[in-house]
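Student: Please take me through one part of this model in detail, the place where the two chains meet. I would like one connected account.

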Amino acid sequence: MAEAELAVAQQVDDEAELVERTRAGDRDAFNRLVERNAQKVFRMARHMTRNDQDAEDVLQEAFLKAYRRLDQFQGDAKFSTWLTRIAVNEALMRLRKRRNDKTVSLDEELTLGDSPMQRDVADDGDDPEESYERAEMREILEDAIDALAEGYRTVFVLRDVEGFSTEETAEMLDLSISAVKSRLLRARLQLRDKLRRRLKGHGREKENHV
Amino acid sequence: MGVKKKITCKSFLDDMSNYIDGDIPQELRASLEAHLAKCPECWVLFDETKQTVEIFQSYNCHPLPVDVKDRLLGALQNQWGEPKK
Ligand SMILES: [Zn+2]
């Protein structure tokens with residue numbers, strides 16, 4: 001992880017500069033932007049859509065659109081934030097479409113039970129040597145988010161996983177500030193209920209020195 | 001002004017998320033902390049909820065599969081109309 005961070009730091013890859021170079025026709029610069037942001041976009045898309053195929057479609061569509069619309073990108077925002085917004089909109093469109101297409105409730109189409117641990121993880125993943133225990137815990141966290149109702153899940157993912165502000169989240173989801181805040185609280189409380197048993201273990205581990 | 005808001009367990013819950021985010025006026029923060037100091041139930045709820053948020057932030061959920069990344073790079077190459085070098 002430290003090595004990966006170092007490698008990233010050594011690249012001449014200030015995002016703004018990579019955007020400029022892409023605009024000037026340097027495709028490698030755009031590939032660099034892909035390398036830096038693909039994991040984050042995929043994670044957000046998978047959390048929101050709860051489906052591997054939709055997450056992959058969102059990922060591709062977001063980068064293709066970002067490339068095509070690069071001249072609309074204003075330097076006053078970060079590229080990664082701008083890209084994530086494009087991806088969030090793609091994910092929301094898919095959720096809406098799914099809601100309209102199907103009479104099946106969202107909870108029934110949960111794709112639990114596939115085993116992400118068996119898949120090869122891209123080598124720029126943050127945690128190439130994830131221990132078995134961490135992988136197990138990660139899956140528990142993934143399932144806990146998957147089990148949230150859509151309204152809570154999207155707010156939790158944007159606020160607590162992606163780190164968007166309350167205002168940004170409200171704007172993206174077309175919700176009031178107070179709706180975002182109350183959904184965030186409910187999402188957090190539901191997740192806390194699901195993880196409660198695990199949290200105690202986690203806390204004790206951390207506080208061994210006491 | 002100057003009158004401290006009376007914190008009940010119910011009102012603590014309403015403000016807890018903002019408190020975890022540090023998005024709260026200083027005076028209210030002091031009142032919430034005074035409540036936490038004397039209410040073990042709210043303290044446990046607060047502590048566990050805060051841990052819940054932290055644990056999600058400390059794990060990298062849904063690592064990007066290699067094949068997914070390869071297909072993304074392929075899709076970009078396609079758009080550019082050139083074979084990958
Ligand atoms: Zn209380």
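Tutor: Buried area is the accessible area, taken with a 1.4 Å probe, that two parts lose on being put together, summed over both. This is a predicted model, and in it the area buried between chain B and chain A is about 4600 Å². Carbon and sulfur atoms give 61% of that area. In terms of residues, 40 of chain B are in contact with 51 of chain A. Three residues, Phe56(B), His62(B) and Trp80(B), supply 17% of the area that chain B buries against chain A, more than any other three residues.

One of these three deserves a closer look. His62(B) sits in the loop between helix 3 and helix 4 of chain B. It counts as buried because its relative accessibility is 7%, and the cut-off for buried is under 20%. The backbone of His62(B) has a phi near 45°, a positive value in a residue other than glycine. Most residues other than glycine have a negative phi.

Next come the charged and polar pairs. Side chains of opposite charge can pair when their charged atoms come close. Between chain B and chain A the count is seven salt bridges, while a search of the whole structure finds 28 over all chains. In one bridge between the chains, Glu48(B) pairs with Arg192(A), and the closest N and O atoms are 3.0 Å apart. There are also 17 residue pairs in polar contact across the interface, counting pairs with both residues at pLDDT 80 or more. On the side of chain B that touches chain A, helix 1, helix 3 and helix 4 (66-80) each supply at least two residues.

Helix 4 of chain B takes part in another salt bridge. Here Glu35(A) pairs with Lys69(B), with 2.9 Å between the closest N and O atoms. Glu35(A) lies in helix 3 (residues 27-49) of chain A and Lys69(B) in helix 4 of chain B, so this pair joins two chains. The two partners can be described by their accessibility: Glu35(A) is partly exposed, with a relative accessible area of 34%, whereas Lys69(B) is buried, at 7%.

Helix 1 and helix 3 of chain B have a further link, through a metal site. The zinc ion is coordinated by Cys9(B) (SG), His35(B) (NE2), Cys39(B) (SG) and Cys42(B) (SG), at 2.1 to 2.3 Å. Along the chain these donors follow the spacing C-x25-H-x3-C-x2-C. Distant parts of the chain are linked in this way: Cys9(B) is in helix 1 (residues 9-20) and Cys42(B) in helix 3 (residues 40-58), 33 residues apart. The angles among the four donor atoms are 100 to 116°, and the site is tetrahedral. Ideal angles for four tetrahedral donors are 109.5 degrees. Of the two cysteines just compared, Cys9(B) counts as partly exposed, at 42% relative accessibility, and Cys42(B) as buried, at 5%.

On the other side of the interface, chain A has nine helices and zero strands. Of its 210 residues, 43% count as buried. Among contacts in chain A with a separation of 6 or more, residues 24 or more positions apart account for 60%.

To return to the request, the meeting of the two chains involves 40 residues of chain B and 51 of chain A, with seven salt bridges between them.

Conventions. Residues numbered from 1 in each chain as written. Chains lettered and ligands numbered in written order. Predicted model: local features only at pLDDT ≥ 70, side-chain atom pairs only at ≥ 80, totals over all residues. Heavy atoms only, no water. Donors = N, O, S within 2.8 Å, 3.2 Å for Na, K, Ca; no water. Tetrahedral: all angles 85-135°; square planar, octahedral: opposite > 155°, others 65-115°. Helix = DSSP H or I, 4+ residues; strand = E, 2+ residues; numbered from the N terminus. Buried < 20%, exposed > 50% of the residue type's maximum accessible area, 1.4 Å probe, protein only. Contact = heavy atoms within 4.5 Å. Salt bridge = Lys/Arg side-chain N within 4 Å of Asp/Glu carboxyl O. Polar contact = N/O pair within 3.5 Å; in protein donor to acceptor, adjacent residues only side chain to side chain.
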